[in-house]
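This report describes a single protein chain, element by element. The sequence and structure are shown first.

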Amino acid sequence: MKKIFLFVVFSFAFCCFGQLYDKGLEVADLVFERAECPQFVELVFGNNSEIIKLYEKDINKVSKSDVKACYEISVNIDDFINMYYESGSNDIPETVMNYFLDQFYVQLFGSLINGSKNSYILALSSVLQGSSIFDSESLTDNKMYLYIFKNSYPILVSFRKGDDNAVLASAMFIFEDDLINGNEKNVKKTFSLSYMETSIKKIK
């Protein structure tokens, strides 16, 4: 009976990973589609902006290439919230707390990484992000997967659990040259933040 139980648990976890991994790649494709369309970027930012220059310089790095690895990134969201409120999460207004909880797995964490570079990178990554909604009976907690590509910037995909079985998958580029065809050491260097407890695990 114990072996049967362990087999069921393992099968359940494997099915969840397989579904999330595939859905993550699908929403990553949406990001690549936008990134590979110069007319889209020009429509948003105009022909003469600094962002267009950044985009043109990095256009090869935002074009789709083969996926090389995938990492699961887990963070302590309380650390993130307390970074803004030194007094602790108990004193944060409910409206503000709900915003943090809603947006953290949609764009805030990825924007935090890209925003440490400069505002142009943050703006470009925000516009190029993509999202998709799907059903999943197996996902119980919010998750984040980082997909590493051979010749492209990595894409961070977050999976946010909603009502019933709905899951919102949100994806954005992480503009870090060391992560192009990068290894676990490069991933830890980028995502191991001093003010936030972070766990990084290679899953494929």
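## Helix α5: burial and kink

In this predicted model, helix α5 (residues 94-115) has a set of buried residues that includes Met97, Phe100, Phe104, Tyr105 and Leu108. The list continues with Phe109, Gly110, Ser111, Leu112, Ile113 and Asn114. In an α-helix, residues three or four places apart point the same way, because there are 3.6 residues a turn.

Phe104, one of the buried residues of α5, is also the centre of a kink of about 85 degrees in this helix. The end C-alpha atoms of α5 lie only 26 Å apart, whereas a straight helix of 22 residues would span 32 Å at 1.5 Å a residue.

## The six-stranded sheet

Six strands make up an open sheet with antiparallel pairing, in the order β2-β5-β4-β3-β1-β6. Its edge strands are β2 (130-135) and β6 (198-202), each of which pairs on one side only. Direction ignored, neighbouring strands of this sheet are turned by 25 degrees against each other on average.

At one edge, β6 pairs with strand β1 (residues 67-75) in the antiparallel sense, over five bridges. Ser74 has Ser199 in β6 as its bridge partner.

## Strand β4 and its two hairpins

Strand β4 (residues 155-161) is mostly covered, with five of its seven residues buried. On one side, β4 runs antiparallel to β3 and is joined to it by five bridges. A hairpin of five residues connects β3 to β4, and Tyr147 stands opposite Ile155 in β4.

On the other side in the strand order, seven bridges link β4 to strand β5 (residues 166-173), again in an antiparallel arrangement. Here Phe159 stands opposite Ala169 in β5. Four residues lie between β4 and β5 in their hairpin, and Asp164 in the turn has a positive phi of about 55 degrees.

## Confidence of the prediction

The protein chain has a mean pLDDT of 86, and 88% of its residues reach 70 or more. Confidence is highest in strand β3 (residues 143-149), at a mean of 96, and lowest in helix α1 (residues 2-35), at 71. Over residues 2-14 the pLDDT is below 50, and this stretch has two contacts in the model beyond near neighbours in sequence. Predicted coordinates should not be read in detail where pLDDT is low.

Terms used: Residues are numbered from 1 along each chain as its sequence is written. This is a predicted model: local features need pLDDT of at least 70, side-chain atom pairs count only at pLDDT 80 or more; totals for chains, interfaces and linings use all residues. Side-chain values use heavy atoms; hydrogens and water are left out. pLDDT is the predictor's confidence in each residue, from 0 to 100. Contact means heavy atoms within 4.5 Å. The expected span of a helix is 1.5 Å times one less than its number of residues. The bend at a residue is the angle between axes fitted to the seven residues ending there and the seven starting there. Buried means under 20% relative accessible area, exposed over 50%, partly exposed in between (1.4 Å probe, protein chains only). Two strands pair if DSSP finds at least two bridges between them. Axes are lines fitted to C-alpha atoms, for helices over the stretch in contact, and angles run from 0 to 180 degrees between N-to-C directions.
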